[in-house]
Amino acid sequence: MIRMTWPMAACALALTVAAPALAQTKADAPIAVQIDTDAKGAKIDRNIFGQFAEHLGSGIYGGVWVGKDSPIPNTRGIRKDVVEALKAIKVPNVRWPGGCFADEYHWRHGIGPIASRRKTINSNWGGAVEPNTFGTDEFMDFVDQIGSEAYVSVNVGSGTVQEAAEWVEYMTADPNTTAGKERAANDHPAPYKVKYLGIGNESWSCGGAMRPEYYADEMKRYARFVRNYNPKQTGAEAMQRIAVGPNQADPAYTEAVMAAQKGHDWAWNIEGLSLHSYTTGGWPPSYSSTKFDETAYAKLLKETLGMDDLVTKHSAIMDKYDPDKKVPLVVDEWGVWLAPLEGTDPGFLVQQNSLRDAIVAALNLNIFARHADRVRMTNIAQMVNVLQAMILTDKDKMVLTPTYYVYKMYLPFQDATFVPVSFDAGTYTQGDVKLPRIDATAVRDTNGKLWLAVTNLDPVKPATIAPKLAGAETASAKGQVLTASRVDAFNTFEAPNTVSPKPYTARTTAKGLVLDIPPKSVVVVQLEPEV
Ligand code: AHR
């Protein structure tokens with residue numbers, strides 16, 4: 001059995017791999033989950049549940065934007081069903097317009113009368129025609145409709161500081177300025193709120209293949225000259241500038257950008273460092289999103305748990321330069337990246353979303369929660385129809401994915417306080433892959449309620465857990481469970497509820513309350529202590 005005391009997640013995988021003769025936890029032996037309700041952990045920033053929407057495949061066109069004249073119900077061209085679904089998961093921020101797309105995006109192509117907008121080529125993603133009908137004003141309308149914040153990535157790769165500065169001026173300047181008048185002429189006199197500004201994207205690769213030091217110098221110019229003029233964006237509302245950071249484990253950008261940040265003066269600063277890391281099962285991605293065996297399942301989970309090592313590694317580097325953790329690590333691209341679905345354009349990154357992906361999402365959200373002192377924002381890739389999507393659409397049809405439901409079940413985690421838990425994770429073994437059998441996190445929500453999330457990684461064996469609160473018995477535990485008959489189960493337009501949450505109630509035994517956690521499941525419950 002493996003004893004895991006959180007937060008010690010960095011050791012989890014190493015421990016499982018290092019211990020050779022591991023006894024299986026019996027399904028009928030309740031695993032005690034000690035919940036240290038007296039300890040107060042970090043705040044789990046709601047931005048950890050952020051989304052990413054790139055001009056890629058049907059991520060925007062078809063998935064979000066259908067146009068004002070579409071027979072698909074829409075509000076000013078934005079599909080109503082998608083807006084309603086996203087409102088329900090309280091998306092805290094949306095990163096847009098890319099991705100690699102951002103470093104070739106010229107914002108002027110996407111404003112003004114739609115009929116006269118330039119049609120360009122999306123050279124990154126399938127060479128599709130980019131109609132530019134979804135531009136700045138449409139994006140701002142979209143984030144407003146879903147009640148979210150804008151995270152706009154400016155073009156560092158093929159653009160200029162001036163172009164980026166003029167874009168943010170257009171979005172935020174006083175309506176009496178020329179830029180503000182132009183915005184007003186496009187039906188929005190009031191300045192927009194640009195809460196987050198991405199200074200480039202993957203500048204170590206598609207964003208210009210820049211040496212870290214070169215990027216750091218460019219970053220300073222953008223951080224200095226791209227100004228936000230919205231008079232309401234002061235203090236806590238001030239725009240946060242997020243610099244390009246590491247690619248996976250590579251420390252080069254982390255070191256260079258954080259060293260630059262440490263040396264900043266009054267004239268510029270950054271308020272975030274980005275990390276990109278996908279779970280791919282190798283490159284190019286060849287794992288199927290619909291048909292896979294248990295070995296592929298276990299391998300992908302093992303890989304995704306590596307997020308903990310990555311975050312730990314980059315956090316340690318950041319600590320050297322920023323011991324007070326003023327600069328958050330922003331994991332603004334993560335998720336499973338699988339083989340394209342048969343019959344789809346490989347450049348459109350279309351994949352299904354199974355129960356396995358929901359488990360991946362829960363495991364990553366748990367990792368982010370445990371690192372909440374440094375990881376204060378993340379953006380899963382991507383929101384609609386691309387990679388590990390929340391939502392899939394096809395013309396007028398829409399279906400919510402298992403990953404969507406994890407985000408819905410984790411709503412109480414938004415802005416909650418982390419509560420440390422410790423438990424015997426046990427071991428799930430598949431071939432030569434060894435994984436923790438269960439994972440668990442607890443939080444106190446903004447109303448003071450205690451929540452426990454448990455994931456059973458074992459696709460075959462159920463687990464029973466006994467939640468133990470510091471100084472009290474657990475009186476009740478109610479919430480939801482997400483599971484299905486198979487790990488490769490997914491939702492379709494015809495069968496949209498194959499993987500959807502069901503009500504869940506704990507079982508009372510003579511020895512107290514226990515939670516039966518089905519194999520391959522995610523359970524989130526609210527715990528009520530006995531009074
Ligand atoms: O999300 C797809 C792509 O992955 C993004 O455009 C890029 O930033 C990353 O490599």
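**View 1. Cys-100 and its polar contact with the ligand in a predicted model.** A backbone N or O atom of Cys-100 lies 2.9 Å from an oxygen atom of the ligand. A polar contact is a pair of N or O atoms within 3.5 Å; within protein, one must be able to donate a hydrogen and the other to accept it, and residues adjacent in sequence count only if both atoms are side-chain atoms. In this predicted model, local features need pLDDT of at least 70, side-chain atom pairs count only at pLDDT 80 or more, and totals for chains, interfaces and linings use all residues. Residues are numbered from 1 along each chain as its sequence is written, and side-chain values use heavy atoms, without hydrogens and water.

**View 2. Two glutamates at the ligand.** Glu-54 places a polar side-chain atom 2.7 Å from an oxygen atom of the ligand. For Glu-202, a side-chain N or O atom is 2.8 Å from a ligand oxygen atom. The ligand on its own has 280 Å² of accessible area (Shrake-Rupley method, 1.4 Å probe). The protein covers 93% of that area.

**View 3. The shell around the ligand.** Residues near the ligand (a heavy atom within 4 Å) include Phe-52, Gly-99, Trp-125, Asn-201 and Tyr-278. Glu-333, Trp-337, Gln-382 and Leu-387 are also among them. By class, the shell has six nonpolar, three polar and three charged residues. Here Gly counts as polar, and Cys and Tyr as nonpolar.

**View 4. Domain 1 and domain 2.** The domain assignment, automatic or from a database, gives domain 1 (31–41 + 419–529) and domain 2 (44–415). Their centres, taken over C-alpha atoms, are 30 Å apart. The contact (heavy atoms within 4.5 Å) takes 41 residues from domain 1 and 40 residues from domain 2.
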